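I opened a fresh page today to keep track of what I look up in this model. The entries follow the order in which I went through it.

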Amino acid sequence: MELRQLRYFVTVVDEGGFTHAAARLHLAQPGLSAQIRQLEKELGQPLLDRSNRSVTPTEVGRAVLPYARAALAAADAVRQTVDEHTGLLRGRVTLGTVSGATIHAFDVASFLADFHASFPALEIALTEDSSERMQAALLSGEIDIALLGPTAKMSQQGLSYRTVIDAALAAAVAPGDPLLGPDRTSVPLADLRDRPLICLPRGTGVRAALERACAQAGFRPRVAFEAAAPHVLAQLAARGLGVAVLPFGEEGPDLGGPLTTLPIVEPRIRARIVLAWPSTGPTSPAAQALLHRLREALPKAPVRLSPTGVDS
């Protein structure tokens with residue numbers, strides 16, 4: 001058994017097949033397949049199920065996968081520790097962000113550009129997904145650190161996190177909407193009971209916060225449209241297709257029509273963005289460096305977004 005065979009196995013699982021894995025590894029597909037079969041022969045069990053269009057790990061493969069990841073992480077840590085002592089940080093680090101998240105007071109692109117300038121030999125990957133899937137990816141070691149929204153399934157066990165954004169939810173409506181009235185500055189949650197809503201998908205913190213509040217109020221939200229980006233939700237609302245439920249201040253740029261944003265009250269609903277990482281700490285020096293920089297760059301105290309503005 002060789003480390004490179006374990007790396008090939010993990011890459012095939014991550015990519016869901018040999019074609020994409022071979023491209024990522026810069027190998028010929030027949031050679032990659034031969035190396036995996038050699039690993040399976042040495043272990044005496046098939047690790048991959050090749051019967052479907054998408055290659056998936058067998059039961060034995062699923063059991064082996066976390067150990068393969070741990071072995072690769074340990075080998076990378078050895079190399080990176082040596083590099084640290086020579087002033088060079090190498091390796092790969094993955095940062096996850098929740099689908100459609102706009103992090104107020106934090107420019108992710110500029111941050112990553114500055115981080116890359118400090119560590120030019122480090123490979124940085126940025127991925128976007130739902131909060132629930134990123135939580136699972138953190139626990140399995142597929143990603144190192146994430147900016148995500150806590151959901152009902154957010155487990156306290158295994159993860160550490162710090163709140164960086166605390167935003168009030170609001171209803172964004174087009175002109176002439178029945179929710180608008182003289183001097184109206186907010187909308188009770190009960191008024192959304194029978195309205196078609198436009199919201200982020202399940203698995204995001206905003207959707208979880210909305211569904212929890214509606215359940216406590218005795219009804220299920222009628223979500224007519226879903227989109228992963230807040231500005232798309234606002235565009236749909238601007239066309240009169242429903243009421244967009246957004247973190248306050250997320251209605252976006254000019255959407256081809258004016259929108260009125262009313263904070264949701266009775267009860268007020270808040271959604272959070274947290275910086276999350278494994279409770280045991282990042283496993284690699286590269287991930288440790290990224291977490292250190294993120295904790296320095298992100299707000300020192302939770303940022304609360306409300307209809308009156310931003311305050312610490």
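**Entry 1: T11**

I began with T11, which I found in helix α1, spanning residues 3–15. I keep in mind throughout that this is a predicted model. Is T11 buried or exposed? Its relative accessibility is 4%, so I noted T11 as buried. I then asked which residues T11 is in contact with once its neighbours within four places in sequence are left aside. The list I wrote down is A21, R24 and L25.

**Entry 2: cysteines**

Next I looked for disulfides, and the structure holds 0 of them. C199 is in no disulfide, and the nearest cysteine sulfur belongs to C214, 9.1 Å away. Why is there no bond from C214 to C199? The sulfur of C214 has its closest cysteine sulfur in C199, and 9.1 Å is too far for a bond. For a disulfide I would need the two sulfur atoms within 2.5 Å.

I also checked the surroundings of both residues. C199 has 0% relative accessibility and therefore counts as buried. C214 comes out at 1%, so I put C214 down as buried too.

**Entry 3: backbone oddities**

Now for the backbone, with a reminder to myself: most peptide bonds are trans, and most residues other than glycine have a negative phi. Where do I find a cis peptide bond? One joins E266 and P267, with omega at about 5°. I located P267 in the loop between β11 (260–265) and β12 (270–278).

Then I turned to phi. H26 is not a glycine, yet its phi is positive, near 60°. I placed H26 in the loop between α2 (18–25) and α3 (29–43). With 72% relative accessibility, H26 counts as exposed.

D183 went into my notes as well, since this residue is not a glycine and has a positive phi of about 60°. D183 sits in the loop between β6 (159–173) and β7 (187–188). Is D183 buried or exposed? Its relative accessible area is 76%, so D183 is exposed.

**Entry 4: aromatic rings**

How many aromatic pairs does the structure hold? I have 2 in my notes. One is F111 with F115: the ring centres are 6.2 Å apart and the planes meet at 15°, so I call this pair stacked. F111 and F115 are 4 residues apart in helix α5 (residues 108–118), which means about one helical turn separates them. Both F111 and F115 are buried.

The other entry is F115 with F119, a tilted pair with 5.0 Å from centre to centre and 55° between the planes. For F115 I also noted the relative accessible area, which is 1%. Put together, F111, F115 and F119 form one aromatic cluster.

**Entry 5: strand β5**

I followed the side chains along strand β5, residues 145–148. Which residues point one way, and which the other? I145 and L147 share one direction, while A146 and L148 take the other, and all of them are buried.

After that I looked up the partners of β5. Strand β3 (residues 91–98) runs parallel to β5, and 3 bridges join the two. Within that pairing, G96 has A146 of β5 as its bridge partner. β12 runs antiparallel to β5, again with 3 bridges joining them. Here the bridge partner of L148 is V274 in β12.

This ties back to Entry 3 for me, as β12 is also one of the two strands that flank the loop holding P267.

**Entry 6: the whole chain**

I closed with the totals. I counted 9 helices and 14 strands in the chain. What share of the 312 residues is buried? Buried residues make up 46%.

I then took the contacts with a separation of 6 or more, and 72% of them are between residues 24 or more positions apart. My last number was for the surface: the chain exposes about 15500 Å², and carbon and sulfur atoms supply 52% of that area.

How values were computed:
Residues numbered from 1 in each chain as written. Predicted model: local features only at pLDDT ≥ 70, side-chain atom pairs only at ≥ 80, totals over all residues. Heavy atoms only, no water. Buried < 20%, exposed > 50% of the residue type's maximum accessible area, 1.4 Å probe, protein only. Contact = heavy atoms within 4.5 Å. Phe/Tyr/Trp six-rings, centres within 6.5 Å; stacked < 30°, edge-to-face > 60°. Pairing = 2+ DSSP bridges. Areas by Shrake-Rupley, 256 points an atom, 1.4 Å probe, with all protein chains shown as cover.
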